[in-house]
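Okay, everyone, thanks for coming. I'll put the structure up and then talk you through a few things in it.

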Amino acid sequence: MKKAIKNILVAINFSNSSENAIKIGISMCKRHKAALHLLKVNKENNFPYPIGKNALLIGFRLESMMAEMKSLESYAKQLEETHQIKCYYHIEEGSFTATVARIVKIYNCELLLVEKKPDLILFNMLYNRDVSTIIKYSSCPVLVVPGSCIHDNFKKILFPFWLKKFNCPQLEVTLPIIEKNASKVILFGAIKSNNDLNELNVVNKLMSSVHKFISFTTKNIETELENTKATAKTVLKKAAENKSDLIVISGNVKTGLSALGKQSNNRFIINNSTVPVLSVK
């Protein structure tokens, strides 16, 4: 069953990578006839104003907030007029991750786009901007966009499969993406040993099930299997070889203190991919 994409949320801060996320969001809105939501999250202001100066300082703060709101409103209108899409804007204060998750639910967003920050785990955890945490708490799939991304469509989509802790992605949201882009789909299985028949059988069954599911939308599907002990690196290598412009993974990504150790395959793929990565829980 296909899940229509009607509302796309882009968390912005106007850096190069968030501009790339906006560009992809606009293109997807055109293809899916969806509405674009721009979200700017400001850190909550808990600064105690000095006695006798409250009114003045609050006035300055309100003026700053109004200027920011007018600027974002103007930008949203510009996008509407230029690209002929519906564009909404939201400015919120609070925890970045919690605020993004809340807005996703309020506006029933089917897709969240976020920029990829450098994987400074302690820094990102401190400021609640860790992509893995956003994926964990978002109620919809998350598309992680790297700053180096140059494409705004998805003509070649790579689905990697491996045995350990694998959760088959809920494919409903990917089917309209495949359909609207007329995508070629590559199902890539990574196994650690050809001699492990259990691993081989499980991965083959997973790929066979997904192949059958996707085949109702497109017949342009290829299946590959490779023996490797460096799963994540091999997935990225395969994406580069096939010139894939989107990688689809399950939403099982380590967060918090568990992320301080060895990177999981999903986290490694997200952190090192030069193309967008769609994480679907």
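So, what is the mean pLDDT of the protein chain? This is a predicted model, and that mean is 84, with 80% of the residues reaching 70 or more. Confidence peaks in strand β1, residues 7-11, at a mean of 96, and it is lowest in helix α4, residues 121-126, at 45. Around there, over residues 120-128, the pLDDT is below 50, although that stretch does have 18 contacts in the model beyond its near neighbours in sequence.

Now the overall picture. We have 281 residues, and 49% of them count as buried. The chain has nine helices and 10 strands. If you take the contacts with a separation of 6 or more, 80% of them are between residues 24 or more positions apart. The accessible surface is about 14,300 Å², and carbon and sulfur atoms make up 54% of that.

Let me zoom in on helix α7, residues 197-214. It has 18 residues and runs 26 Å from its first C-alpha to its last, close to the 26 Å expected at 1.5 Å a residue. Which residues of α7 are buried? They are E199, L200, V203, L206, M207, V210 and I214. Looking down the axis of α7, you see them within an arc of 135°, so they line one face of the helix. Here's the textbook bit: an α-helix has 3.6 residues a turn, so residues three or four places apart point the same way.

And what do the buried residues of α7 pack against? That would be strand β6 (156-161), helix α6 (174-181), and strands β7 (184-191) and β8 (221-227). Flip to the face turned away from the buried side, and you find the exposed residues L197, N198, K205 and K212.

Last topic, the cysteines. How many disulfides does the count come to? Zero. Take C87: the nearest cysteine sulfur belongs to C29 and sits 7.9 Å away, so C87 is in no disulfide, given that the two sulfurs would have to be within 2.5 Å. C87 counts as buried, at 7% relative accessibility.

Then there's C140. Why no bond there? Because its closest cysteine sulfur, in C109, is 6.2 Å away, which is too far. C140 counts as buried too, with a relative accessibility of 6%.

One thing to keep in mind when you look at this on your own screens: residues 120-128 are where the pLDDT is below 50. That's me done.

Note on methods:
Residues numbered from 1 in each chain as written. Predicted model: local features only at pLDDT ≥ 70, side-chain atom pairs only at ≥ 80, totals over all residues. Heavy atoms only, no water. pLDDT = per-residue confidence, 0-100. Helix = DSSP H or I, 4+ residues; strand = E, 2+ residues; numbered from the N terminus. Contact = heavy atoms within 4.5 Å. Buried < 20%, exposed > 50% of the residue type's maximum accessible area, 1.4 Å probe, protein only. Expected span 1.5 Å × (residues − 1). Arc of directions from axis to C-beta. Areas by Shrake-Rupley, 256 points an atom, 1.4 Å probe, with all protein chains shown as cover.
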